Amino acid sequence: MLLFKKTDALSAFLKKNKQSGKTVGFVPTMGALHAGHVSLIEKSKAENDVTVCSIFVNPVQFNDPEDLKRYPRPIERDIELLLSASCDVLFFPPVEEIYPNGTENLIHFDLGEIEKILDGKFRPNHFQGVANVMKLLLNTVQPDRLYMGQKDFQQVMVVRKMMKQENTNCRLIPCEIIREPDGLAMSSRNVRLNESERKNSSVISQTLFFIQNNFDKFSVTAIKTEAEKMLSKIPDSKLDYLEIANAENLSAVTDWKDAKHIVALVAIKVGKVRLIDNVVIR
Ligand code: AMP
C-alpha cells in the first residue's frame, strides 16, 4: 500500500494510472476503521484497478467541538486493517493540506431543504462541511467510482446533490449497512459506548426492524408512537429524531401512500454518544 499525505503527489500518481487506462475507486473515511469501511474497500477493489481510501477527520463538519476532540484516531490500527484489506492507496492528509486557506473560508453550496431537516436540523452546517470536504477530495482523487455507506443516508443524498451541481464525472455507489451480530450499525463512535450503553444500543436497530416488519399493520403515526416507546427504554438516552420519510427527498410521510420508496431514520444520543441508523422500509 502507498501512503500519501500531499494532494499534489496523490493527484500526480493517480493521473499516471488513469493515463495507462486504470480505473480508480474512492472510499472517503474519517478513520477508526471497522468492517463497514472494509466492505466499501472490498467493493471498490472488485470494481476498480486502484482503490484509494482517505482518512481525514474533517473539522468543518463537526458542530460540536467535544465530538471532534473525542473522535477516535487509531491510525496504526487503521493502517494494519487497510493492509489486510489490500487497499492500494491511503490518503492521510493534515488539515492544512485540505484547507490551505484555513477552515473559515468555505464554499457555500445550495443544498436546499435536505440540509435543513433531520441531521441537518440537529447539526447546523454539518452538511456544508461534508459538501466542502467531498468537493476537495473528489478534485484530488478524480475517481471513476465513489463508495459511500447507506448508514449515512442523508449524507449520500447531499453528496449526490453537490456532485450534480459541480458536474462531477464520477459514479456514486451507495453500499449496504454492515451491522454487529446484535444488529447495531457499525460506527467509529461505538467504541465510545460503555458496556451497558453498548448493550442497550441494540434496541435502535431492533426498533427499525420492528418498523420494517410491521409497517403495514399500523398507521404512520401509530408505528412512530410504538417505535418511540421502544427507544425510550434505552437508559440515559435522548432521541433527536425518529422519522418515516420519502426515500427520494427525506420529507416526512404521514401516510404510507405518500411515497413509493420509504425509509425510517433515527438519531439518538446514548450517554454522550450520538448514533444514527436507518432501514429502507419499501
Ligand atoms: P465515516 O468514517 O464514519 O465518515 O464513514 C466513512 C464511510 O463509511 C461513509 O460513507 C459511511 O457511510 C461508511 N460507513 C460507516 N459505517 C458503515 C457501516 N456500518 N456500514 C456501511 N458503511 C459504513
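How many helices and strands make up the secondary structure of the chain? In this predicted model, the tally comes to 11 helices and 9 strands. The radius of gyration is 19 Å, close to the 19 Å that the globule rule gives for 282 residues, so the chain is as compact as a globular protein of that length. Laid along the principal axes, the C-alpha atoms fit in a box of roughly 55 × 40 × 40 Å.

Next comes the ligand and its surroundings. There are 16 residues around the ligand, and Met30, Gly149, Asp152, Ile178 and Met186 are the ones that come nearest. Sorted by class, this shell holds 8 nonpolar, 5 polar and 3 charged residues. Which elements supply at least two residues each to the shell? Strand E2 (24-29), helix H2 (35-47) and strand E5 (145-149) do so. The top contributor is H2, which gives 3 residues.

Several polar atoms of the protein sit beside the ligand. Asp152, one of the residues that come nearest, has a polar side-chain atom 2.6 Å from an oxygen atom of the ligand. His37 also faces a ligand oxygen, with an N or O atom of its side chain 2.9 Å away. With Ile178 it is the backbone that takes part: one of its N or O atoms lies 2.9 Å from a nitrogen atom of the ligand. How much of the ligand's surface does the protein bury? On its own the ligand exposes 480 Å², and 93% of that is buried by the protein.

Then there is the empty space. Rolling a probe the size of a water molecule over the atoms shows where such space is left. Just 1 cavity of 30 Å³ or more turns up. The largest cavity has a volume of about 50 Å³, and its lining is made of Lys151, Leu184, Ala185, Ser187, Asn190, Ile204, Leu275, Ile276 and Asp277. Strand E9 (residues 273-280) puts in the most, with 3 residues. By class, the lining of this cavity comes to 5 nonpolar, 2 polar and 2 charged residues.

Pockets, unlike cavities, are open. The second largest pocket holds about 240 Å³ of space. Which residues line the second largest pocket? Its walls are formed by Ile114, Gln150, Phe153, Val156, Met157, Arg160, Lys161, Pro174, Ala247, Glu248 and Asn249. Helix H8 (153-165) gives the most to this lining, with 5 residues. Here the split is 6 nonpolar, 2 polar and 3 charged residues.

Finally, a couple of backbone angles deserve a look. Gln142 is not a glycine, yet its phi is positive, near 45 degrees. Where does Gln142 sit? Its place is in the loop between helix H7 (126-141) and E5, and E5 is one of the strands that supply at least two residues to the shell around the ligand. Asn167, again not a glycine, has a positive phi of about 50 degrees. That residue belongs to the loop that runs between H8 and strand E6 (171-175), and H8 is the helix that gives the most to the lining of the second largest pocket.

Key
Residues numbered from 1 in each chain as written. Predicted model: local features only at pLDDT ≥ 70, side-chain atom pairs only at ≥ 80, totals over all residues. Heavy atoms only, no water. Near = heavy atom within 4 Å. Polar contact = N/O pair within 3.5 Å; in protein donor to acceptor, adjacent residues only side chain to side chain. Areas by Shrake-Rupley, 256 points an atom, 1.4 Å probe, with all protein chains shown as cover. Helix = DSSP H or I, 4+ residues; strand = E, 2+ residues; numbered from the N terminus. Nonpolar A, V, L, I, M, F, W, Y, C, P; charged D, E, K, R; others polar. 1 Å grid on protein atoms, 1.4 Å probe; cavity = no way out; pocket = protein on both sides within 12 Å on 5 of 7 lines; lining within 4 Å. Points joined across faces, edges and corners; volume = space filled by probe spheres on them. Rg over C-alpha atoms; globule rule 2.2 N^0.38 Å.
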